[in-house]
Amino acid sequence: SVLKTLGIEERDFLFANFRNDVNVCPYIVLVDRRCRNILIVIRGTLSFEDMISDVTINPDPLDEVGEEFGFDGIGEFCHRGMLEAAKYVHDDMEARKVLHNAFEDHPEFNLRIMGHSLGAGVAAVLGLMMRKEYPQLRCLCFSPPGCVFTERTAKESKEYIWAYVLHNDIIPRLSYQSLANLRNDVIEMIARIKVPKHQVFAKNMR
């Protein structure tokens with residue numbers, strides 16, 4: 001069904017991993033002959049496990065990750081759930097030699113990493129991890145969460161990441177700080193209410 005939907009020949013469907021768990025996102029690897037690219041496409045939020053990955057928002061330091069993958073991660077941080085999911089995709093492809101085999105067959109092709117929502121955040125982190133090995137890679141992130149990287153890494157990623165946001169989509173505007181502000185505003189609003197709180201909640205839950 002994937003081949004039919006995308007209009008891709010069977011020979012260009014290189015690999016798919018549909019395993020889904022907390023910090024484990026399904027992904028597929030394809031060949032785009034028209035644009036001469038190898039594509040890694042990562043699924044967005046769909047399952048309960050994906051939602052847990054979304055809210056695993058604690059910032060993880062990028063120091064050791066930077067040392068391993070050849071970028072400056074000193075003093076920088078990343079969304080923990082997306083970092084763990086990106087590591088899973090990277091390690092899974094390495095173990096199966098998916099990209100090694102793909103570029104052995106298509107050495108003149110470039111690498112493109114794509115994703116939507118949670119998958120967009122994972123794609124951005126995976127691009128950061130793989131950029132030294134594939135300097136010409138590009139990431140196309142559709143509605144990526146606004147809390148993937150801290151400021152310096154986010155600014156530097158403009159060189160190779162394109163983010164697409166639809167109108168007033170809330171997901172790209174979410175961050176740890178914006179969620180904390182929302183929580184504080186709700187608590188303050190509840191504290192200022194003059195009527196019994198149960199009446200307010202009952203009315204708004206009809």
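Trainee: Why is Arg 80 called partly exposed?

Mentor: Arg 80 has a relative accessibility of 32%. Buried means under 20% relative accessible area, exposed means over 50%, and partly exposed is what lies in between (1.4 Å probe, protein chains only). So 32% puts Arg 80 in the partly exposed class.

Trainee: And what kind of model is this?

Mentor: It's a predicted model, where local features need pLDDT of at least 70, side-chain atom pairs count only at pLDDT 80 or more, and totals for chains, interfaces and linings use all residues. Residues are numbered from 1 along each chain as its sequence is written, and side-chain values use heavy atoms, with hydrogens and water left out.

Trainee: What makes Arg 80 and Asp 60 a salt bridge?

Mentor: The rule asks for a side-chain nitrogen of Lys or Arg within 4 Å of a carboxyl oxygen of Asp or Glu. Here the closest N and O atoms of Asp 60 and Arg 80 are 2.8 Å apart, so the pair passes. Asp 60 sits in strand S4 (residues 59-61) and Arg 80 in helix H4 (residues 80-96), so this bridge links distant parts of the chain, 20 residues apart. Asp 60 itself is buried, because its relative accessible area is 13%.

Trainee: How do you know what is a helix and what is a strand?

Mentor: Both are DSSP runs numbered from the N terminus: helices are H or I with at least four residues, strands are E with at least two. The protein chain has nine helices and eight strands.

Trainee: How many salt bridges are there?

Mentor: The count comes to 14 salt bridges. Arg 11 and Glu 9 make one of them, with their closest N and O atoms 2.9 Å apart. Arg 11 is exposed, at 52% relative accessible area, whereas Glu 9 is partly exposed, at 46%.

Trainee: What makes Glu 156 and Arg 152 a salt bridge?

Mentor: Their closest N and O atoms are 3.4 Å apart, so the pair fits the rule. Glu 156 and Arg 152 are four residues apart in helix H7 (residues 151-156), which means about one helical turn separates them. Salt bridges with shared partners also join Asp 72, Glu 76, Arg 152 and Glu 156 into one network.

Trainee: Thr 153 is in H7 too. Why is Thr 153 called buried?

Mentor: Its relative accessible area is 3%, so Thr 153 falls in the buried class. For the whole chain of 206 residues, 42% count as buried.

Trainee: What makes Phe 142 and Tyr 164 a stacked pair?

Mentor: Rings of Phe, Tyr and Trp (its six-membered ring) pair if their centres lie within 6.5 Å; planes under 30 degrees apart count as stacked, over 60 as edge-to-face, and the rest as tilted. The structure holds three aromatic pairs. In this one, Phe 142 and Tyr 164 are 4.9 Å centre to centre, with 15° between the planes, so they pair and count as stacked. Phe 142 is in strand S7 and Tyr 164 in strand S8 (residues 161-164), so the pair ties together parts that are 22 residues apart in sequence. Both rings belong to partly exposed residues: Phe 142 is at 35% and Tyr 164 at 37%.

Trainee: Why is the group of Leu 179, Leu 182, Val 186 and Met 189 called a nonpolar surface patch?

Mentor: Patch residues have over 30% relative accessible area and no salt bridge; nonpolar side chains (Val, Leu, Ile, Met, Phe, Trp, Tyr) are joined within 5 Å, and like charges within 9 Å. These four make a patch of about 350 Å², an area that comes from the Shrake-Rupley method with a 1.4 Å probe. Leu 182 is found in helix H8 (residues 176-192).

Trainee: Which residues make the patch of negative charge?

Mentor: Glu 68, Asp 91, Glu 94 and Glu 133 gather in it on the surface. Asp and Glu count as negative, Lys and Arg as positive, while His and the chain ends are not counted. The place of a charge is taken as CG of Asp, CD of Glu, NZ of Lys or CZ of Arg. Glu 133 is in the loop between helix H6 (118-130) and strand S7 (138-142).

Trainee: What is the phi of Ser 117?

Mentor: About 60°, a positive value, although Ser 117 is not a glycine. Most residues other than glycine have a negative phi. Ser 117 lies in the loop between strand S6 (110-116) and H6, and its relative accessibility of 12% makes it buried.
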